[in-house]
Amino acid sequence: MINIKSESDIREMQAAGALSKMALRRCGAAVKPGVTTAEIDGIAESLIRMHGATPTFKGYGGFPGSVCASVNEQIVHGIPSPDVVLEEGDIISIDTGATLNGWVGDNAWTFYVGEPSREWKTLCEVTRDCLKAGIAQAIPGNHLGDIGAAVQELAEKHGFGVVRDYVGHGVGRVMHEDPNVPNYGKRGRGVKLQAGMVIAIEPMITLGNQANKVLSNGWTVVTRDGSPAAHYENTVAITDDGPLILTSDDRGPWCEMQGGTL
């Protein structure tokens, strides 16, 4: 069942989204060679709890971290660890979630560790643009297929793989609600979008083949061919005035930050 949010619900979700974005910015600012993903996790958890919220991911289905920290060939659900030390030239997807007053804010960004190769940076730039393209289609009267097609067309135009086994989702009082939001599809197909729907749009794009597998820890998803992956996400409300990015803050949704606009 798709839960339609009221204007007051959406305002409360903006507060949760702003906190999740703040945590994501703080984590991104800490990214550099020599930093561990456990240190990044601690930054997010401390900030979220300091603001009277809880890290949405912590304990979710047994997940041990407050963030997902996915390095290089890891697509999503990387488990933070003191043994994972970032190295020059890496890329890292950091996914943060904050639950504030019962509402969830969920977003992700892929950051550069030092200076990755031009090819890896292009992957990140295109995936970021796929997110923007998908958000632009999140308007009443369009369909979920319009979002997926916008992402898929742009990624495949550049020869990149589009992950199909993991998708975006509705967001509300729990992190995963209906509907699923694929990053592929056909225009005019799928659920019709209406004002009050809130969804997480999150392209997961690979430099090589999109085929993937889950590691023995039961969480971390990696590319089968070992190629790097990029992942970007915003929580978006569909309104009569167009898409409203809820995971925004007082710096605005498209501010400049290392690794592209955040």
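**A tour from Phe63 to helix α2**

In this predicted model, begin by selecting Phe63, which counts as buried because its relative accessible area is 4%, under the 20% cut-off. Phe63 belongs to one of the 2 aromatic pairs that the structure holds; add Trp219 to the selection, and the two rings appear edge-to-face, 5.1 Å from centre to centre with 80 degrees between their planes. The pair links distant parts of the chain, since Phe63 sits in the loop between β1 and β2 and Trp219 in the loop between β11 and β12, 156 residues apart. Trp219, at 22% relative accessibility, counts as partly exposed.

Next, select Trp109 and Tyr232, whose ring centres are 4.7 Å apart and whose planes meet at 75 degrees, so that this pair is edge-to-face. Because Trp109 lies in strand β5 and Tyr232 in the loop between β13 and β14, the pair ties together parts 123 residues apart in sequence. Trp109 is buried at 1% relative accessibility, and Tyr232 is buried at 0%.

Move then to Thr223 in strand β12, a residue that is buried at 3% relative accessibility. Its side chain reaches the backbone oxygen of Ser227 at 2.7 Å, and its contacts beyond four places in sequence include Glu73, Ile75 and Ala229.

Finally, colour helix α2, residues 37-50, whose end C-alpha atoms are 20 Å apart, in agreement with the span expected for its 14 residues. Among its buried residues are Ile40, Ala44 and Leu47, and the buried residues of α2 pack against α1, β1, β2 and β4. After α2 comes Gly52, with a positive phi near 80 degrees.

Technical notes: Residues numbered from 1 in each chain as written. Predicted model: local features only at pLDDT ≥ 70, side-chain atom pairs only at ≥ 80, totals over all residues. Heavy atoms only, no water. Helix = DSSP H or I, 4+ residues; strand = E, 2+ residues; numbered from the N terminus. Buried < 20%, exposed > 50% of the residue type's maximum accessible area, 1.4 Å probe, protein only. Polar contact = N/O pair within 3.5 Å; in protein donor to acceptor, adjacent residues only side chain to side chain. Contact = heavy atoms within 4.5 Å. Expected span 1.5 Å × (residues − 1). Phe/Tyr/Trp six-rings, centres within 6.5 Å; stacked < 30°, edge-to-face > 60°.
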